[in-house]
Amino acid sequence: MEKNINKTMNTMKLAVLASALIFSSSSSWASERIISAGAAITEIIYALNAESQLVAVDLTSKTLVKGAYPLVGYHRQLSAESLMSLTPDRIIGSNEMGPISTLKLLKQGGVDVDVVNSGETVKDLLERIDEVAALTNKTPAAASLKAEISKKVDAIQTHLLTQSTPKKVLFLMIHDGRPANVAGRNTTADTVIRLAGAINPAASTVEAYKPISAEAMVQMQPDIILLSGRTLSSIGTIDDLLKKMPLLAATPAGKNKALATIDGTALIGGLGLKSIDEAERLNKVFYQD
Amino acid sequence: MQSRRMQLQRLPIETLLPLGIGLLFFAITSSIVIGPMDISFIDSIKALIPWETDLPAHIQLVVNQIRLPRTLLAIAIGAILALCGAVMQGLFRNPLADPGIIGVSGGAALGAAIAVVFFAPLVVNYPLILTLGTVPVFAFIGGALSTFFVYYLGTDKNGTSVTIMLLAGVAIGALSGAALGFMNFIADDQALRDLSLWSMGSLAGATWPGITLAFTTLAVLLWLFCRDANALNAFLLGEAEAKHMGVNVQMLKRRLILLCAAGVGVTVSLTGIIGFVGLVIPHLGRMLSGPNHKTLLPMSALLGALILLIADMIARVVLAPLELPVGIVTAILGAPFFILLLVKQKGRMS
C-alpha cells in the first residue's frame with residue numbers, strides 16, 4: 001500500500017516535472033512578443049534577425065528600427081499599463097530600465113523582465129549578444145555575429161602592429177553658439193577611439209561629455225580632431241572649424257588639417273555593432289599607411 | 001451685464017458642492033475606465049469589486065494596481081496643491097502667490113537634484129538606497145530647509161513680514177535655481193534626463209503607502225485650514241485690521257506657512273513638481289464661489305482634484321503608449337486660463 005502511494009507520488013512528480021519542462025520549452029520556442037528597451041538591444045535583435053518578435057521599442061531605439069513600431073517612452077520612465085496594452089511576453093532592457101514599480105507590476109502581469117549587461121567593452125558586447133540570442137532563440141546566429149565582431153577587432157589589432165606611435169584623437173561635439181564639448185572617459189566615443197588604436201587625450205581629466213576651454217584643447221595637442229558627420233555638415237570644412245576655433249591651429253591636428261568624422265548614431269546607446277564598424281573604419285583613417 | 005456675470009459666475013455653495021462632487025465622481029469613473037489598454041467599461045468596473053475574481057488577471061492588475069492608485073493619488077495631490085495655493089494667496093494677499101512662493105518647490109527641486117546626481121550612481125551597487133526613496137526624502141528635506149530659511153529671513157522681533165518673505169522666497173528660489181544649474185552641469189546624461197522628467201511631475205509612481213500619506217495630509221490640512229478660514233477672511237482686509245479683529249496674526253502666519261510647506265513637500269516628494277494647479281485653481285474657485293475662505297477652501301480642494309485628474313487622464317492617453325509628464329498638461333491647460341483671467345481683470349480695472 002505504502003509502496004503504491006510512493007509510486008503514485010513519484011509518477012506524479014515526474015508528470016509535473018515533464019509538463020513543466022514541456023511548458024517551459026514550448027513557451028521559449030514559440031515566437032514571443034518582445035519589447036526592447038534600449039538601443040543596444042534593438043540593434044542586436046536586428047543583427048540576429050529576430051526583429052519579427054519585436055512589438056515595440058523605447059525612444060532610444062527610434063532611429064534603429066525599420067518600419068513603424070510603437071514607442072514606449074524613455075527606458076528609465078516606463079509606464080506599466082502602456083507596456084501591458086501591447087501584450088508583450090518579454091521586455092529586455094539594461095540595468096537602467098525602470099522604474100522598479102513598473103517592472104514589479106509587469107512581472108505580476110506575467111511579463112518576463114530581462115536585464116542584459118550594458119557594459120562599454122567589446123567583451124560586454126559579445127556577452128550581450130549571447131544574452132539577447134538566448135532570449136530570442138537565435139543562439140546559432142549569435143555565433144556567426146560574434147565571430148564577425150572578433151574578426152573586425154583582430155583586423156584592427158593586425159593593422160596596428162605596423163604602427164609605432166599611437167595618435168591622439170580628440171572628439172568634439174559642437175553646437176552652434178555653445179562651447180565645444182569633448183568626450184572624456186566613460187563615453188562610447190572614448191571606447192571607439194581606443195578600439196581604433198588611438199589615445200583620447202581628454203580621458204585623463206574629463207569624464208563624460210563636458211565643455212572645456214579652447215586653451216585646454218591646445219594643451220592636449222591632439223593629432224586628429226574627430227567630429228560627428230552631422231557636426232561637420234553644419235560647420236562646413238576644417239578651415240571653417242579653424243575659423244570658428246582659431247586656437248585649434250596651435251595643435252598638430254590644426255597644422256595638418258587632420259579631421260575625421262564618425263557616424264553619430266554609432267555613439268548612441270553604448271558600444272554597439274555600429275560602433276565596432278566605425279572603430280574598424282577609423283583605424284584605417286587614423287593610420288593610413 | 002454686471003448682474004448677468006454674477007449669475008453666471010457665482011453660484012451658492014449648496015449648488016456648487018454637489019455639482020463638483022458629481023463631476024469628480026464622473027471623472028473618477030472615467031479615469032478608471034480610460035487607459036492605453038483596451039478594457040471594456042463593464043470589465044473595468046467589475047475588476048474593482050473584490051469578489052469578482054473570474055476576470056483575467058492582467059485586467060485586475062491594470063485596474064487595481066495601476067489605474068485605481070493613480071486616480072486616488074491624482075485626487076489627493078490636486079486637492080493639496082490647490083488648497084495650499086488658496087491659503088498662500090490669502091495669506092500673502094497676492095493673486096500671484098502659489099505654494100512655490102515660500103521657496104518650497106525650489107528647495108525640493110534642489111534636494112531631488114542632489115539625490116539624483118550624487119546618489120543615482122550608488123544605486124547600481126546599493127539597490128536598497130533606491131527602495132528607501134532617496135529622491136523623495138531629499139526633496140522633502142530640501143523643501144523644508146528652504147521654507148525655514150525664507151521664514152527666518154522674513155521674521156524679526158516685530159513678527160513676520162509677508163512682503164519680505166515674498167522677496168526672500170524669490171531670492172531663495174534664484175539661489176536654488178543657481179545650485180540646480182550647477183547640478184545640471186556636473187550631471188551625466190542620464191541624471192540630466194531623470195532630473196528634467198522629475199521637474200515635470202508625474203503620477204505614475206503611485207503606491208499605496210504614498211496614497212495613504214497623501215490622503216492623511218489632505219485630511220489634516222483641510223481640517224486645519226478650514227478652522228482658520230475666518231482668520232484668513234479677516235486677513236483679506238489687511239494684516240493690521242486682522243490683528244484688531246482679534247486674530248493672532250503671528251501664530252496664524254507661522255502655522256499656515258509650515259502647513260503649506262509640509263503639504264507641498266509631501267506632494268513634491270510623491271510626484272515631483274506639478275505646476276499651475278496651486279496658482280490657477282484658487283482663482284477658478286474664487287470665480288465660482290467668491291472670496292470667502294469658508295467656501296473657497298473646500299471648493300479649491302474639489303476643483304484641484306478634478307482638474308489634476310483630468311490632466312492625468314490626458315497625459316496617459318494622448319500619446320499612448322507614450323506617457324506625457326502631467327506637469328506639461330497642467331501648464332498647457334493652466335497658462336491659457338491664467339492669461340484669460342488677466343485679460344478679464346484688465347477689462348475690469350479700466
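The following exercises, each with a worked solution, concern a predicted model.

**Exercise 1. Overall form of chain B**

Determine how many helices and strands chain B has, and assess its compactness by the globule rule.

Solution. Begin with the secondary structure: chain B holds 16 helices and two strands. Next, compare the radius of gyration with the rule. The value for chain B is 21 Å, close to the 20 Å that the globule rule gives for 350 residues, so chain B is as compact as a globular protein of that length. Along the principal axes, the C-alpha atoms of chain B occupy a box of roughly 65 × 50 × 35 Å. Then consider the interior: buried residues account for 49% of the 350 residues in chain B. Finally, of the contacts in chain B between residues at least 6 apart in sequence, 76% link residues at least 24 apart.

**Exercise 2. The side of chain B that touches chain A**

Identify which helix of chain B supplies the largest share of the side that touches chain A, and classify the residues of that side.

Solution. First, establish the extent of the contact: 23 residues of chain B contact 26 residues of chain A. Second, locate the contributing elements. Helix 4 (57-92) and helix 9 (189-198) of chain B each provide at least two residues of this side. The largest share, five residues, belongs to helix 4 of chain B. Third, sort the side of chain B by class: twelve residues are nonpolar, six are polar and five are charged.

**Exercise 3. Helix 4 of chain A and its surroundings**

Decide which residues of helix 4 of chain A are buried, how they are arranged about the axis, and what they pack against.

Solution. Start with the helix, residues 100-108, in which Thr102(A), Leu105(A) and Leu106(A) are buried. Viewed down the axis of helix 4 of chain A, the buried residues lie within an arc of 100°, so they line one face of the helix. These buried residues pack against helix 3 (80-84), strand 3 (90-93) and strand 4 (112-115) of chain A, together with helix 4 of chain B. Now turn to the strands: strand 3 and strand 4 of chain A run parallel and are joined by four bridges. Gly93(A) is placed opposite Val115(A) of strand 4. Strand 3, helix 4 and strand 4 of chain A thus form a β-α-β unit, which is right-handed. Just after helix 4 of chain A, Gly110(A) adopts a positive phi of about 85°.

**Exercise 4. A second crossover in chain A**

Describe how strand 1 and strand 2 of chain A are paired and connected.

Solution. Strand 1 (residues 34-37) and strand 2 (residues 54-57) of chain A are parallel, with three bridges between them. Ser36(A) has Val57(A) in strand 2 as its bridge partner. The connection passes from strand 1 through helix 2 (residues 39-47) of chain A to strand 2, a right-handed β-α-β crossover.

**Exercise 5. Two residues of helix 7 of chain B**

Establish whether Ala139(B) and Phe149(B) are buried or partly exposed.

Solution. Ala139(B) lies in helix 7 (residues 134-154) of chain B, as does Phe149(B). A residue is buried if 20 or more other C-beta atoms lie within 10 Å of its own. Ala139(B) has 32 C-beta neighbours inside 10 Å and therefore counts as buried. Phe149(B), with 19 other C-beta atoms within 10 Å, is partly exposed. Beyond neighbours within four places in sequence, Ala139(B) contacts Ala108(B), Gly111(B), Ala112(B), Val268(B) and Ser269(B). On the corresponding count, Phe149(B) touches Gly103(B) and Ile172(B). Lastly, the C-alpha atoms of Ala139(B) and Gly265(B) are 7.3 Å apart, although 126 residues separate them along the chain.

Methods. Residues are numbered from 1 along each chain as its sequence is written. Chains are lettered from A and ligands numbered from 1 in the order in which they are written. This is a predicted model: local features need pLDDT of at least 70, side-chain atom pairs count only at pLDDT 80 or more; totals for chains, interfaces and linings use all residues. Two residues are in contact if their C-beta atoms, placed from the backbone, lie within 7 Å. Ala, Val, Leu, Ile, Met, Phe, Trp, Tyr, Cys and Pro count as nonpolar, Asp, Glu, Lys and Arg as charged, and the others, Gly among them, as polar. The radius of gyration is taken over C-alpha atoms; the globule rule is 2.2 Å times the number of residues to the power 0.38. A residue is buried if 20 or more other C-beta atoms lie within 10 Å of its own, exposed if 12 or fewer, and partly exposed in between; C-beta atoms are placed from the backbone. The arc is that of the directions from the helix axis to the C-beta atoms. Two strands pair if DSSP finds at least two bridges between them. A crossover is right-handed if, with the strands pointing away from the viewer, the path from the first strand over the helix to the second runs clockwise.
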